[in-house]
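Colleague: Got a minute to walk me through this one? I'd like to ask a few things while we both have it on screen.

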Amino acid sequence: MPRVVTAPSSGVIRTLPAGPATHGPLGGSVTTTPSFYDQVGGASAVGDVVDLFYVRVLDDADLKPYFAGVDMPRLKRHMVVLLCSVLGGPEPYEGRDLAEAHRGMGITHQHYAKVGEILLSVMREAGVSEEIQRHVVLTLDKVESSIVAEPIETAD
Ligand code: HEM
């Protein structure tokens with residue numbers, strides 16, 4: 001499984017794909033598991049997920065105001081590449097880091113959870129496996145503190 005490393009304060013996501021080895025130690029080919037990115041169908045499948053994701057986000061009366069005046073084609077491009085890299089794809093993310101991109105928006109935990117649930121439901125509908133959904137849930141948990149403007153409650 002790709003390991004996702006987040007720098008807690010900056011919200012920068014770096015994905016270190018576990019990168020299935022294509023050759024055994026002696027050079028012979030071995031059976032490999034495709035990356036999550038390949039399993040979901042690559043960038044074009046991720047693009048379809050992201051398109052539907054933003055349709056649903058903008059359809060939600062609570063979420064829509066956050067996106068007033070936003071350059072949506074640019075946002076979609078950045079989201080596609082980010083999601084691809086989280087899944088172990090080759091495209092390097094070139095958007096702003098997440099903390100910087102969401103600073104000053106006053107995003108609440110509740111709205112964050114709603115956006116995450118929309119992303120997951122679109123992925124489920126697209127037939128994405130439970131293993132990949134779990135990976136996305138873990139990633140969403142890791143980046144939440146960079147995006148939400150209020151302290152996150154921890155169970156301790
Ligand atoms: C769930 C996890 C989230 C991820 C992975 C994510 C990802 C992104 C990315 C990649 C960008 C583009 C950054 C850039 O401009 O380079 C962005 C921008 C933006 N996000 Fe998010 N986001 C998330 C949650 C949210 C939530 C919960 C809201 C509001 C409810 C939100 C509202 C926005 C807005 C309005 C922008 C545009 C900012 C601008 O262009 O000035 N995001 N997000």
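**Helix by helix, then the ligand**

Colleague: How far apart are the end C-alpha atoms of α5, and what should its 17 residues span?

Modeller: Keep in mind that this is a predicted model. The expected span counts 1.5 Å for one less than the number of residues. For the 17 residues of α5 that should give 24 Å, and the distance between the end C-alpha atoms agrees: 24 Å.

Colleague: Which residues of α5 are buried?

Modeller: Being buried takes 20 or more other C-beta atoms within 10 Å. In α5, the buried residues are Tyr112, Leu119, Val122 and Met123. They sit on the same side of α5, because the arc they cover around the axis is only 105°.

Colleague: And which exposed residues are on the face turned away from that buried side of α5?

Modeller: Let's take both sides in turn. The buried residues of α5 pack against α2 (42-58) and α6. The face turned away from them carries exposed residues, namely Gln110, Glu117, Arg124 and Glu125.

Colleague: What follows α5, with a positive phi?

Modeller: There's a glycine with positive phi after α3 as well: Gly88, at about 95°. After α5, phi is near 85°, and the residue is Gly127.

Colleague: Which helix gives the largest share of the largest nonpolar core?

Modeller: That core has 18 residues, and those touching the most other members are Val40, Val46, Val50, Val80, Leu83, Cys84 and Leu87. At least two residues each come from α1 (36-40), α2, α3 and α5. The largest share is six residues, and it comes from α3.

Colleague: Which residues of that helix, α3, are buried?

Modeller: α3 has 15 residues and reaches 21 Å between its first and last C-alpha, close to the expected 21 Å. Its buried residues are Met79, Val80, Leu82, Leu83, Cys84, Ser85 and Val86.

Colleague: What does Cys84 touch, leaving out residues up to four places away in sequence?

Modeller: Cys84 is one of the buried residues of α3. It's also among the core residues that touch the most other members. Beyond its sequence neighbours, Cys84 touches Tyr37, Ala43, Val46, Gly89 and Glu91.

Colleague: Is Asp141 buried or exposed?

Modeller: Asp141 lies in helix α6. The cut-off for exposed is 12 or fewer C-beta neighbours within 10 Å. Asp141 has 12 inside that radius, so it counts as exposed.

Colleague: And Leu52, with its 17 C-beta neighbours inside 10 Å: what does it count as?

Modeller: Leu52 is found in helix α2. Buried needs 20 or more neighbours and exposed 12 or fewer. Leu52 has 17, so it counts as partly exposed.

Colleague: On to the ligand. Which residues are closest to it?

Modeller: The shell has 14 nonpolar, five polar and one charged residues. Helices α3 (72-86), α4 (98-102), α5 (109-125) and α6 (130-147) each supply at least two residues of it. Of the 20 residues around the ligand, the closest are His78, Gly95, Arg96, Ala101 and Val115.

Colleague: Last one: in what order do the elements run from the N terminus on?

Modeller: The protein comes to six helices and two strands. Of its 156 residues, 20% count as buried. From the N terminus on, the order is β-β-α-α-α-α-α-α.

Methods
Residues are numbered from 1 along each chain as its sequence is written. This is a predicted model: local features need pLDDT of at least 70, side-chain atom pairs count only at pLDDT 80 or more; totals for chains, interfaces and linings use all residues. A residue is near a molecule or strand if its C-beta atom, placed from the backbone, lies within 6 Å of it. Helices (H or I, at least four residues) and strands (E, at least two) are DSSP runs, numbered from the N terminus. Ala, Val, Leu, Ile, Met, Phe, Trp, Tyr, Cys and Pro count as nonpolar, Asp, Glu, Lys and Arg as charged, and the others, Gly among them, as polar. The arc is that of the directions from the helix axis to the C-beta atoms. Two residues are in contact if their C-beta atoms, placed from the backbone, lie within 7 Å. A nonpolar core is a set of buried Ala, Val, Leu, Ile, Met, Phe, Trp, Tyr and Cys residues joined through C-beta atoms within 7 Å.
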